[in-house]
Amino acid sequence: MAELSETRVAVYIDFDNIIISQYDNVHGRGAFIKEKARTATGKTADRLQEATVNIGAVLDFASSFGAVAISRAYADWAAPANTRYQKQLVDRAVDLVQLFNTSGTKNGADIRLAIDVVEDLFRLQDISHVVIVAGDSDYIPLAQSARRLGRTVIGIGVQGSTSAAFKNACDEFSYYHDLVEDLGEDLGEDLVEDVPHSTPTVAAEPPAPDLAKEARKLLMRALRGRANDDVDGWMAASALKQQMKRLDPGFDEKKIGFKSFTDFLKAQRSIAELQEDGQGRRARLRNRA
């Protein structure tokens, strides 16, 4: 259970907006509608693949603001362009809100999303941050209302398809491209092996080889987040572990043979720098060519 003092985050994704915006960003303005990419048939299926949205990067960024209490994605999930994302969204515990296209042009995501946000903010007083993943100017009143209710509003949108007014209505805004910049398809795949593990606290069979690898990837994801202590990228070890637990509640350094989180960090020299000052410890992502 999250501590009462911890910030709590609600994430709302206008999924159609992001998919269309990313497709147009990669293939040219208006390409999604012109090429009828929603059906994902023939050549458009390959072009959709080229414009794939890394939804994990968006959710990781949102979690860096605090514990994610609500995460919802709004779209017509029967549309082939959206269907292929369902499993990864469900795996990340995102609620899929079905919207039917009744007008022939809009699916009404902005109205449904706005109603849900306002209801949630009045119902759940402990929500401190609202993350709106969209770029439509229709969300300006929503951002303004959430701020008037004392919440911090974070906007995420695709460059070239985001309203400047919506960006200015948020307390903080990030472009999707900036969140996925420098992220490979498989984080940490090319890293050299680290020093051997410290002695496990109890005798046990060696962990599965991929368990340590997944922990290394998780560390990289956490260190790439925004919740660093200062401009140099340092993050307190306690905050770092908390962020890793947000990203993967099952993380436990003892499962891979380390007595403490500090021992785990010391073994990740190819990924992270560790700074120790008395009882204080900080880490940051190691710069790699």
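1. Let's start with a pair that sits side by side in the numbering. Lys 254 makes a salt bridge with Glu 253, and their closest N and O atoms are 3.8 Å apart. How do the two compare in exposure, buried or partly exposed? Lys 254 is partly exposed, at a relative accessible area of 46%, while Glu 253 is buried, at 2%.

2. A word on what you're looking at: this is a predicted model. The average pLDDT for the protein is 82, and 83% of the residues score at least 70. Watch residues 184–204, though, where the pLDDT is below 50. Even so, that stretch has 35 contacts in the model beyond near neighbours in sequence.

3. Now the overall make-up. The protein has 13 helices and nine strands. Of its 289 residues, 45% are buried. About 15000 Å² is exposed, with carbon and sulfur atoms supplying 50% of that area. If you take the contacts with a separation of 6 or more, 65% of them are between residues 24 or more positions apart.

4. What order do the strands of the open sheet take? There are six of them, arranged 3-2-1-4-5-6, and the pairing is parallel. Strand 3 (95–98) and strand 6 (172–175) are at the edges; each has a single partner strand, so one side of each has no neighbour in the sheet. On average, neighbouring strands here are turned by 20° against each other, direction ignored.

5. As background, strands in a sheet pair through backbone hydrogen bonds, and the pairing can be parallel or antiparallel. For a close look at one pairing, try strand 4 (residues 127–133) with strand 5 (residues 152–157): they run in the parallel sense and share five bridges. One spot to click on is His 129, whose bridge partner in strand 5 is Thr 152.

6. Which helix should you look at against this sheet? Helix 4 (residues 55–63) lies across strand 1 (8–14), strand 2 (67–75), strand 4, strand 5 and strand 6. Relative to strand 1, helix 4 runs at about 150°.

7. Back to charged side chains. How many salt bridges does a search of the whole structure find? The count is 15. One of the pairs is within a helix: Asp 116 and Arg 112 form a salt bridge, with the closest N and O atoms 3.4 Å apart. Both residues belong to helix 7 (residues 109–123), where they are four residues apart, about one turn of the helix. Asp 116 counts as buried because its relative accessibility is 10%, under the 20% cut-off. Arg 112, at 37%, is partly exposed.

8. Another salt bridge connects two strands. Arg 284 and Glu 273 meet through their side chains, at 3.2 Å from N to O. This one links distant parts of the chain: Arg 284 is in strand 9 (residues 280–285) and Glu 273 is in strand 8 (residues 272–277), 11 residues apart. With a relative accessibility of 22%, Arg 284 counts as partly exposed.

9. Last one for your list: which residues are joined into one network by salt bridges that share partners? They are Arg 72, Asp 120 and Arg 123. Arg 72 is worth finding in the viewer alongside strand 2, which covers residues 67–75.

Key. Residues are numbered from 1 along each chain as its sequence is written. This is a predicted model: local features need pLDDT of at least 70, side-chain atom pairs count only at pLDDT 80 or more; totals for chains, interfaces and linings use all residues. Side-chain values use heavy atoms; hydrogens and water are left out. Two strands pair if DSSP finds at least two bridges between them. Axes are lines fitted to C-alpha atoms, for helices over the stretch in contact, and angles run from 0 to 180 degrees between N-to-C directions. Contact means heavy atoms within 4.5 Å. A salt bridge is a side-chain nitrogen of Lys or Arg within 4 Å of a carboxyl oxygen of Asp or Glu. Buried means under 20% relative accessible area, exposed over 50%, partly exposed in between (1.4 Å probe, protein chains only). Accessible areas come from the Shrake-Rupley method with a 1.4 Å probe; for residues, only the protein chains shown count as cover. pLDDT is the predictor's confidence in each residue, from 0 to 100.
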